[in-house]
Amino acid sequence: MAQKPFENDRENLKAKKFMMWLFLVSSFIYFAGLTSGFIVYTAEDPSRGINTILPDVFKYSTGVIILSSLTMHLAYLAGKKLQFRMQNLYLLITAVLGLFFFVFQFQGWGLLFNRGVVFSGNPNASQSFIYVFIASHLLHIAVGMILLLRAVRLKFSRIDPVRNTFRLEITSIFWHFIDILWIYLYVFLLLNQ
Amino acid sequence: MASTAIQHTLEHSGHSHDDHGHHHETFLTKYVFSQDHKMIAKQFLITGIIMAVIGMLLSILFRIQLGWPDQSFPLLETFLGKWAEGGRIKPDFYLALVTIHGTIMVFFVLTAGLSGTFSNLLIPLQLGARDMASPFVNMLSFWFFFTACVIMMASFFVESGPASAGWTIYPPLSALPQAISGSAAGMTLWLISMVFFIASSLMGALNYISTVLNMRTKGMDMWKMPLTIWAFFLTAILGVLSFPVLVSGVVLLIFDRSFGTSFYLSELVVQGQVLPQQGGSPILFQHLFWFLGHPEVYIVIMPAMGIASEVMATNSRKPIFGYHAMVYSLIGISVLSFIVWGHHMFVTGMNPFLGGVFMITTLIIAVPSAVKTFNWLATIWRGNIRFTPAMLFAIGLVSFFISGGLTGIFLGNAALDIPLHDSYFVVAHFHLVMGSAAICGMLCGVYHWFPKMFGRMMDEKLGYLHFWFTFIGAYLVFFPMHFMGLDGVPRRYYAFTEFEFMKEWLTVNTFVSWAAIIAAIGQIAFLWNFFHSIFYGKKAVQNPWESSTLEWTTPVEHLHGNWPGEIPTVYRWPYDYSKPGHTTDFIPQTTPFSQTMSSNLPHDFEGNPEAERIQIEWQKKQQAEAEQGV
Ligand code: HEM
Ligand SMILES: [Cu+2]
């Protein structure tokens, strides 16, 4: 056997990582579709639009998610240096920050709702769009949290450093992406408020 | 949904480390939850064929209604129950039939059945890879597709019937259960099914792109890839860029249907009742839908084009004419297909100036399409043609693509489209250019690569029979529809008995229905041939078509990892057929130039002066020897 079929898995890591990038592209297109939808919809009639000032909690959530990107990167660096305890710690901090993000977003919804900017039964669907943006993004955050928890290592003795780094890389690519995605959505909403 | 993809990429990479070398294959891992791309390809193909048969039977049902609108067929009531009371199909059910027929054919057969089968089979085999980038995601892709099929078919068993707002599911019709019975549970199932379907095609597409870009064997640079691979690659890119937009459209529709929002709904009165939804924009849905919808039609045709190019070069024993032009025209079509969607909306109240822009882009797309057509014709021109069944279907594709593409130019004209829109002219256009052409491409691929998939040959005689039934049948069915459309006969009407001017088309409809039934019967030749040959066909040799591409260097018996030893290296482009000076009329991609000194040409060595020098020296020596010999 000159070359065992199929065992060039190491090589394939690159191809698999590439699939993650492609997934980010498709996910971004989904949001581009939504935001273009918003623009087309809003442009049709002057009475449409967000017509309200976004609550301040969204600033906090933005801060939290940026901070979590930082801790994600620290986790990645720790993993690369084989400091698995630190890796776990930073991953968990990132996940907790993700939880805070959830909380802030829900608070934001609550504030909007109280102002009468509601999701359903709203004749100005531009406002309903806010909920769709945020909910779709939160779905990504939820997936990101699962990835984070999967990257936490329990048995240090059985860690394959290459695979561990790969997993961290995948997780951090995704996490940074959803961070940037939120900034995109937030800026988009700010510009249209 | 697509996020599961990532998760499982991880999972696979996490576990595959342990299952090195020893594969304990059970029935379940070999035939059901297989991660081998060749098996997954077969799964896609057979599921696709079953869906195609179902789609075809649905079309026969509504053709019966259109051909004999006044007649009662008690048999129908036996099978369909309340949907055909008194032996006559009900109007609501007629619309459901048309809708599900369109959905099945466009998405399940010509997208998943076509790309799923041949991208999976050929990308690793023609590029020299052991498997896909992520075999696990690949397997998941098939099972999502399968689930989508099951859910779609399940909608026939709900009380209110399957979705019936057309394959384009325009709201408000699709959004309001009060509007039509199919928009109740049936539409919900349609949407769920499509979410699974889109997840499946995205997972497939991510794999195809990544494999093409990262896992080619040594020597296989992009410009040595067969046109099939170029086509699958660009198709996958179209999918990644357009399907997510359909998701966003569908998500908003789901909210409108079930959560009381009004993205698409406004000022509606149904059965005397004023609905609460206000301020929505139905045009918004059409933009989101057709931004996918138009690329989707190219997602359907491009793999078929790639397959036909490959088969035509092989069976004309000639290099493909204009390889680079073929690639660039595919790229051109891919890019342009994103900026023409408005041609489906010329008469929906879109700004007419915008219509003018879309008209221009639409007409430009005819240019790369024409380039491809002329290149195919030039490829078979004075070729040493072998009329295998695959070759016939490839030629059939070209024929249908021409006759259907020409009418596209009429439709693409914003002014001409005013009378033609939503008439049978459109039905004729897309059934020729998409339906018939792409089905020909798919069948062409099945006949050509059947020996690679199953290790046996299909029967040629039955193949010829099948071809002529299909080819003539399709023209007889769809050609008359042009004239109906020009006369103003609208599509999606249940019967043409109510309007005086349409009555004269009744006989034509009867004729078309007969042609459809006969063409459908002709498909039995294929089904028999296909399933019988899997078990009892003649054993195939390794390279039955004397083709030069890489997949024919693998052993007939399938094995995990495709090549028993090292993956072969590639030295030349895939179309060295009938090269002057060579002993055989094809040179495999794996043959180095040093073994073909008598046929090498100067441009084979562009950019490599050393090789060029050796070649010239060799030629001088040959010449000197020849002169001495005289
Ligand atoms: C020469 C290039 C083509 C042009 C200029 C063209 C133009 C058009 C136009 C303007 C329409 C809209 C007609 C209407 O609804 O009033 C149309 C419909 C359609 N075309 Fe084409 N087309 C071309 C090629 C193709 C190809 C290659 C395919 C598929 C492989 C295709 C598939 C379709 C389909 C499926 C529809 C109907 C969609 C529906 O309303 O259900 N076309 N085409
Ligand atoms: Cu189109």
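Let us start with a term that will come up often: a residue is buried when its relative accessible area is under 20%, exposed when it is over 50%, and partly exposed in between, using a 1.4 Å probe and protein chains only. What you have in front of you is a predicted model, in which local features need pLDDT of at least 70 and side-chain atom pairs count only at pLDDT 80 or more, while totals for chains, interfaces and linings use all residues. Residues are numbered from 1 along each chain as its sequence is written, chains are lettered from A and ligands numbered from 1 in the order in which they are written, and side-chain values use heavy atoms, with hydrogens and water left out.

Chain B is a good place to begin. UniProt, in an unreviewed entry, places the feature "domain: Cytochrome oxidase subunit I profile" at residues 27-571 of chain B; such positions are given in the numbering used here, feature names are shortened, and annotations may be inferred rather than shown by experiment. Over residues 27-571 the chain is 66% helix and 1% strand, with the end C-alpha atoms 39 Å apart. Helices (H or I, at least four residues) and strands (E, at least two) are DSSP runs, numbered from the N terminus.

Now look inside. A cavity is a set of points, on a 1 Å grid over the protein atoms alone, where a 1.4 Å probe fits but cannot get out, and its lining residues have an atom within 4 Å of a point. Grid points are joined across faces, edges and corners, and a volume is the space filled by probe spheres set on the points. By this rule there are 5 cavities of 30 Å³ or more. The largest holds about 1200 Å³ of space. Its lining has 48 residues, and the closest to its centre are Ser59(B), His101(B), Met105(B), His431(B) and Phe478(B). Helices H3 (37-67), H5 (91-127), H14 (424-454), H15 (460-486) and H16 (506-536) of chain B each give two or more residues to this lining, and H14(B) gives the most, with 12 residues. The lining of the largest cavity divides into 33 nonpolar, 12 polar and 3 charged residues, where Ala, Val, Leu, Ile, Met, Phe, Trp, Tyr, Cys and Pro count as nonpolar, Asp, Glu, Lys and Arg as charged, and the others, Gly among them, as polar.

The second largest cavity contains about 180 Å³ of space. Of the 19 residues that line this second cavity, Thr111(B), Ser115(B), Ser201(B), Ala205(B) and Tyr208(B) are the closest to its centre. Here H7(B) gives the most, with 6 residues, and the lining is made up of 9 nonpolar, 10 polar and no charged residues.

Next come the charged pairs. A salt bridge is a side-chain nitrogen of Lys or Arg within 4 Å of a carboxyl oxygen of Asp or Glu, and the whole structure has 17 of them over all chains. In one, Asp36(B) pairs with Lys38(B), the closest N and O atoms being 3.3 Å apart. Asp36(B) is buried at 10% relative accessible area, and Lys38(B) is buried too, at 4%.

Another salt bridge links Glu546(B) and Arg386(B), with the closest N and O atoms 2.9 Å apart. Glu546(B) lies in the loop between H16 and helix H17 (609-629), and Arg386(B) in the loop between helix H11 (352-380) and helix H12 (389-411), so the pair ties together parts of chain B that are 160 residues apart in sequence. Glu546(B) is partly exposed at 31% relative accessibility, as is Arg386(B) at 30%.

A third pair, Glu617(B) and Arg613(B), has its closest N and O atoms 2.9 Å apart. Both residues lie in helix H17 of chain B, 4 residues apart, about one turn of the helix. Glu617(B) is partly exposed at 48%, and Arg613(B) is partly exposed at 40%. Salt bridges that share partners also join Arg317(B), Arg386(B), Glu546(B) and Asp585(B) into one network.

Finally, take a look at the backbone. Most residues other than glycine have a negative phi, and most peptide bonds are trans. The peptide bond from Pro171(B) to Pro172(B), however, is cis, with omega near 5°. Asp422(B), a residue other than glycine, has a positive phi near 55°, and Arg492(B) has a positive phi near 65°.

Definitions and conventions: On a 1 Å grid over the protein atoms alone, a cavity is a set of points where a 1.4 Å probe fits but cannot get out, and a pocket is an open set with protein on both sides within 12 Å along at least five of seven lines; lining residues have an atom within 4 Å of a point.
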